[in-house]
Each structure stands twice: as C-alpha cells, then as structure tokens.
Amino acid sequence: MENVPECAEPTLRISQTHFPVEALGPGRRLGIWTQGCGLACAGCMSRHTWDPLGGASHTVSSLLGLWHEALARGADGLTVSGGEPLDQPAALESLLAGAVRARAEATAPGGPATGREIDILLYTGYEQEEVERDAARSAAVRHADVLVTGRFRAAEPTALVWRGSANQRLRPRTARGWARYQEHLARTESGPRLQMVEGEGDVRLYGVPRRGELAALERRLRRVGITLTGASWRR
Ligand code: SF4
C-alpha cells in the first residue's frame, strides 16, 4: 500500500526504528522496519508488521533525520527490513536515494563520518526475478549496496549470517557492497543471533533467529519466571 500524492512529501508506513542494531549487517547500524507485508511466510517472527494499516506514517525527511543522527553517532550502515519494504516502492526509493546523498555528505572531508565505510542493506521477501520484473521495485533497489532476497522458509534452516532460511540470498550490488559483504556470503554463525532491546512497555528482538532460538529463549525466560505475552511470531 502506498500513498504518495504528487507534490506531497513522500511518507512510509513504519513499524519501528532503532539505533544501534548489531544483528542485521556489519557493525552498528540504523534499523528501519517498514509496516505491511502480504507475503505471509509461515513461521514469520514479525507478524505484527503484516497489517498495512498498522505502525505509523513517517515522512521520508524525518527518517533521513534519524539517518543523519546515526551517521554523526558512528553508524556503520543502514538496514531497511520489514514488513515488506518493496510494497512501498516509490517512498522507499526516495528514502534510499536520500540516504545515499546523506552518506556522501557525511563521509566527505570535514563531515562527521569522513573516511568511514558505510553501506545500505535492504531486506526483501521478493525473489530477485520478482524485483526485476517490476519497474518501481527495480528503481528502489538500485540505491542499495546489498540485498537479502527471498521468502522465509521455516523448513530450510540455515546458519548463514543475516539470513533466516537457506534459500535466501545475500546479493551485493555495488563495489562497496562487494567489498564489504564478500567475506560474509558463505560465513556461518552457530551461536545466538538475536539482539534484545527494551522498548516502550515491551521487549524487542532484532536479528534473524536460528531454528529453535525463539523457543529456547522462551524456555529460558520461563525458568526465571517470565512468560512472554503477545509474541509477534504467534499473532
Ligand atoms: S518473513 Fe518477511 S517477507 Fe515473510 S511474511 Fe514475514 S515480514 Fe513478510
């Protein structure tokens, strides 16, 4: 769902934002999760992001304000996930194009991030071919340095970093993306892959869990007397 009237400032429906995220790409990153996903993967841990009318509407300029702040605070990258970011392609394109411009300013001589390597990572549940045959989606992804593509398939677990199932592909698209992600294409991780952050009246988990990691977390919490209610993977 998208609402970008001509001449109006573009807006994106957003589930949440956070800095620093350390479980979705290298280093400390600004995370932006879009709201709305119609792909309905069985076993999705983010069912709270499915409703396209949930979350809140944010202007692209307010999201770029968060990116400027994160760059000044040492961000190594921007990760946009969801929800399904490419279900709002025009506003997403505007956000990513603005993020590229802000990065160029910040890393120029005298900027707050001079000399730092900073990348833009976009997650999508669409397959590469589904992106390529849609002009608006293709236009949006051209600003990203790297994509993670493909539906989450619970029956195909993986230890590959930053991917939830073995079918999902990490796809560098730019020279910067290749330089930064080549070493991670086949890298695996056997330990916990989630970052836990206290929210406003809730607890948020960032990252891509290994198979069984959410159930193990719930068991550990129950042992110390904590029962999760309203878990986003059970809605
Ligand atoms: S795993 Fe991602 S693409 Fe699949 S339903 Fe959940 S949010 Fe949508």
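## Two cis peptide bonds

Strand β1, which covers residues 11-21, contains Pro-20. The peptide bond that joins this Pro-20 to Phe-19 is cis, and its omega angle is about 0°. The structure described here is a predicted model, and the angles given in this report were computed from that model.

A cis peptide bond also runs from Gly-82 to Gly-83, where omega is near 5°. Whereas Pro-20 belongs to a strand, Gly-83 is located in a loop, namely the one between strand β4 (77-81) and helix α2 (89-107).

## Two residues with positive phi

Ala-40 is not a glycine, and yet its phi angle is positive, at about 50°. This alanine is part of the loop that lies between β2 (29-34) and β3 (56-59). With a relative accessible area of 43%, Ala-40 is partly exposed.

Trp-162 likewise has a positive phi, of about 65°, although it is not a glycine. This tryptophan is placed in the loop between β6 (146-149) and β7 (169-172). Is Trp-162 buried or exposed? Its relative accessibility is 9%, and since the cut-off for a buried residue is under 20%, Trp-162 counts as buried.

## The chain as a whole

The chain contains six helices and nine strands. Its radius of gyration is 17 Å, which is close to the 18 Å that the globule rule gives for 235 residues, and therefore the chain is as compact as a globular protein of that length. Measured out along its principal axes, the C-alpha trace spans about 50 × 40 × 35 Å.

How much of the contact network joins residues at least 24 apart in sequence? If one takes the contacts between residues at least 6 apart in sequence, 64% of them join residues that are at least 24 apart.

## Burial, surface and charge

Of the 235 residues in the chain, 48% are buried, and Trp-162, described above, counts as buried too. The area that the chain exposes is about 11,300 Å², and 51% of this area is supplied by carbon and sulfur atoms.

The side chains of the chain include 30 that are positive and 27 that are negative. When the centre of the positive set and the centre of the negative set are located, these two centres are found to lie 7 Å apart.

Conventions:
Residues are numbered from 1 along each chain as its sequence is written. This is a predicted model: local features need pLDDT of at least 70, side-chain atom pairs count only at pLDDT 80 or more; totals for chains, interfaces and linings use all residues. Side-chain values use heavy atoms; hydrogens and water are left out. Helices (H or I, at least four residues) and strands (E, at least two) are DSSP runs, numbered from the N terminus. The radius of gyration is taken over C-alpha atoms; the globule rule is 2.2 Å times the number of residues to the power 0.38. Buried means under 20% relative accessible area, exposed over 50%, partly exposed in between (1.4 Å probe, protein chains only). Contact means heavy atoms within 4.5 Å. Accessible areas come from the Shrake-Rupley method with a 1.4 Å probe; for residues, only the protein chains shown count as cover. Lys and Arg count as positive and Asp and Glu as negative; His and the chain ends are not counted. The place of a charge is taken as NZ of Lys, CZ of Arg, CG of Asp or CD of Glu.
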